[in-house]
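Let's take a walk through this model together, from the overall build down to the empty spaces inside. Keep the 3D view open and turn it as we go.

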Amino acid sequence: MPIEIKNINNIEKFFHLYNKNISYMFYINKYFVPINIHFGKRAELQNIPDSMKYYNRPYTPCYREEDSEFTLETACMEYSLFGITDFRPPTLSISFENGSNVFELAYKKYEILHSKVNLKGLPSTFSKNDGEATTLIITLEERDKRLAVDLIYTIFEKHNVITRSALIKNTGIESFIIEEAMSFSIDLKGFGYDIINLAGAWGRERHVDRTRLYTGERNIGSVTGASSHIQSPFMAVCLEETNEKYGEAYGFGLLYSGNHKFTAYVGTSFSTRIVAGINNKNFSWILDKEESFQTPEAVLVYSENGLGGMSRTFHNFFREHLCRSLFADKIRPVLINNWEATYFDFNRDEIIEIAEQASNLGVELFVLDDGWFADRNADNCSLGDWYVNLTKLPGGLSSLANEINKMGMQFGIWVEPEMVSPTSNLYKEHSDWCLHSGYCNYLSRNQLVLDLSREDVQNYIIDKMSEVFLSANISYVKWDMNRYMTNVGSAALATKRQREVSHRYILGLYRILDILTQKFPYILFEGCAGGGGRFDPGFMHYMAQFWTSDDTDAWERCLIQYGTSFIFPPIFMGNHVSIVPNHQTNRITPIKTRANIALMGAFGYELDLRKLTAYELEEIKIQIDVYKEIRKLLLDGNYYRIGNPSLDNLFAWQIVSKDKNEIIAVIVQKMMIPNGPKYSIRLEDLKEDALYKEMKRDKGYTGSQLMYVGFDDMEFKVDFDSMLLHFKCIGEDVYE
Ligand code: GLA
């Protein structure tokens, strides 16, 4: 029974969601307000903690005239509102027809369900078996019954995770405008926490940013229409002393692929409020009577084992309870993608040549990137016109796919369905199908964004993509999206509803993804947006692979994959070995290192095999064999970061099988240091008294040696040198 409910007295009620490791506690106070007590390590209470008691404070507004001791200003709120004595960032803001935005919500009832509930129209985490998740729904009602809010909490038996969302219901007789509908808020006791976010840009996604918050507000988010390269929908909060391995950390992830916002706020109360949800910038929603509005789901993680523990909780939880693709727990094929090899400049014969060579090396999937359709020989045309270019590909996709299948490889294809080129036939026929607010169009990569808030546009995309996917034996689809949204508006929506368009776009996108991924369950879909511009937990519900970044430089990838691993499982990261000098940075790195770094995920190549030396081709053959040998471990294992590539000259990643019998580690040295240090790293999570053999060097080590004494059999010879280690347990209880 992972939810405990106790009556404190006639009015006040105590709720405790718990599993073996964590507790989430709140109570309903005498004014029917839900007040948070604790989120963190599993605890039991004998009484309501003293910190929850009310004291008269000068200059503080009282929640009730007759009670000078209670204010929301300092209370730890479960669901915060503005204008009713709490001055901190609210979770829900509403404008009523009389112009007022002030309202209270009071506890009405609760309900318990013995599973996770799916959210309508939005991605959500799920339970597979009875008993592995329990849901608590707390209903709050507005005094004049104009609205009610369901706070939806789920606790999972085996994960240190709480999911939260809110369902806002218009129960009155008038419409009202939702100005802000965040998914959750929580007040953590104390302040001076470190706030961690994943920041970046195209080509340098998800770099880790850590700052301390003593007072005021730290906001991160996106207003680009996509979850974006700029900030991921993620925030971590931890103590100053928390590091990779030790200390408490909270991680907050949002299942949303559009405009999001995370706020950390410290005011007068010496507590830190975290609020996250849809960004309120350019957002409002008219809720008519009897309608409801569902906020996206948030995943709240607690770790007592540092940031590494937080990441592993996200990884395991997302793999088991978020991604519903059949491929979530399948090994990923080694692929080759022709983008950096040919860009738009290819024909059937050239593709066949590259494919033949790839198949000889052991590649399992050929992905045909941009440029296969209409007149698409540059990025300034043809998006929207989804018919094959028969001049480039005589015989069409089907004949090419068959040819590639004959080589023993699967065939995959690139699409960018959400976009339209102004010169396309689609645009000529339906110029009102793109997002626009009647102002001028702002092109980005020469293209406009289709208005996915419209059902007719959604249906067009579903039909066109179904045609493409059925036109050949297609096993893989790279779903791209190559610009942010500007001038957001819809020709199909009433003037007063224009602020709804960004969210309606995402709901439309989710409808398309829902239908297509269910219609084509055997296709492995890869999410992409100019690289990793929409690598987010919302998309991950539908897709089991993401193009992590357009930046394929080995060193840049260290930083990007390091940050990405804070929340996303490595096996969801598409990583490709590319040519040097690298196309994004002009940097030269060894082919061994390019592969060692790419091996930590869904592995592939993106280069012209026809232009490589015999040595390079031989290396690639070996790399592919290595990947095939370790990929099951990469799929299931626990992931550890050792060191930090933006701070340290040497760092490593490690994957350990759940039974601790097999370990892969990659160690990378950034720069050669003359007369430099003798490096040593300590591996993690092994069996202390087992004997492990490093397979390539055929050398034995005890678990305790690798964990406590360290591994130092390493010698680096050039900048960006690296090594891959593969340990297997060959004996237990070596001390006896
Ligand atoms: C985006 C993707 C690339 C490639 C190009 C094609 O930039 O991230 O991998 O597919 O589009 O136009």
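What follows goes from the whole chain to its strands, and then to its pockets and cavities.

First, a word of care: this is a predicted model. The protein chain has 11 helices and 36 strands. Its radius of gyration is 27 Å, close to the 27 Å that the globule rule gives for 736 residues, so the chain is as compact as a globular protein of that length. If you line the C-alpha trace up with its principal axes, the spans come out at about 85 × 80 × 45 Å.

Start at the N terminus. Strand β1 covers residues 3–7 and strand β2 covers residues 13–18; the two run antiparallel and are joined by five bridges. Together β1 and β2 make a hairpin, with five residues between them. To find the register, look for E4, which stands opposite H16 in β2.

Now jump to the sheet that begins with β31. Six strands make up this open sheet, in the order β31-β32-β33-β36-β34-β35, and the pairing is antiparallel. Which strands stand at the edges? They are β31 and β35 (699–702), and each has a single partner strand, so one side of each is left without a neighbour in the sheet. On average, neighbouring strands here are turned by 25° against each other, direction ignored.

Within that sheet, have a look at β32 (residues 650–656) and β33 (residues 662–669): seven bridges join this antiparallel pair. Q654 is a handy landmark, as it stands opposite A665 in β33. A helix, α9, packs on the sheet as well, where it touches β32, β33 and β36. The direction of α9 makes about 55° with that of β36.

Both α9 and β36 turn up again when we get to the pockets. But take the largest pocket first, with its volume of about 720 Å³. It is lined by 25 residues, and N160, N305, G309, R312 and T313 lie nearest its centre. Elements giving two or more residues to this lining are β20 (298–303), α1 (306–321) and β31 (638–642), the last of which you have already met as an edge strand of the sheet. The biggest giver is α1, with six residues. What is the make-up of the lining by class? The residues of the largest pocket's lining divide into two nonpolar, 11 polar and 12 charged.

The second largest pocket has a volume of about 520 Å³. Of the 22 residues lining it, N596, I622, V626, K696 and L724 lie nearest the centre. Here α9 (591–598), α10 (614–636) and β36 (722–731) each supply at least two lining residues, and α10 has the largest share, with seven. By class, the lining of the second largest pocket divides into eight nonpolar, four polar and 10 charged residues.

Finally, the closed spaces. There are five cavities of 30 Å³ or more in the structure, and the largest cavity holds about 80 Å³ of space. Look for it among V33, P34, Y63, L72, M77, Y79, S80, L81, I84, L105 and L140, which line the largest cavity. Which classes of residue does this lining have? It has 10 nonpolar residues, one polar and no charged ones.

Conventions. Residues are numbered from 1 along each chain as its sequence is written. This is a predicted model: local features need pLDDT of at least 70, side-chain atom pairs count only at pLDDT 80 or more; totals for chains, interfaces and linings use all residues. Side-chain values use heavy atoms; hydrogens and water are left out. On a 1 Å grid over the protein atoms alone, a cavity is a set of points where a 1.4 Å probe fits but cannot get out, and a pocket is an open set with protein on both sides within 12 Å along at least five of seven lines; lining residues have an atom within 4 Å of a point. Grid points are joined across faces, edges and corners, and a volume is the space filled by probe spheres set on the points. Helices (H or I, at least four residues) and strands (E, at least two) are DSSP runs, numbered from the N terminus. Ala, Val, Leu, Ile, Met, Phe, Trp, Tyr, Cys and Pro count as nonpolar, Asp, Glu, Lys and Arg as charged, and the others, Gly among them, as polar. Two strands pair if DSSP finds at least two bridges between them. Axes are lines fitted to C-alpha atoms, for helices over the stretch in contact, and angles run from 0 to 180 degrees between N-to-C directions. Contact means heavy atoms within 4.5 Å. The radius of gyration is taken over C-alpha atoms; the globule rule is 2.2 Å times the number of residues to the power 0.38.
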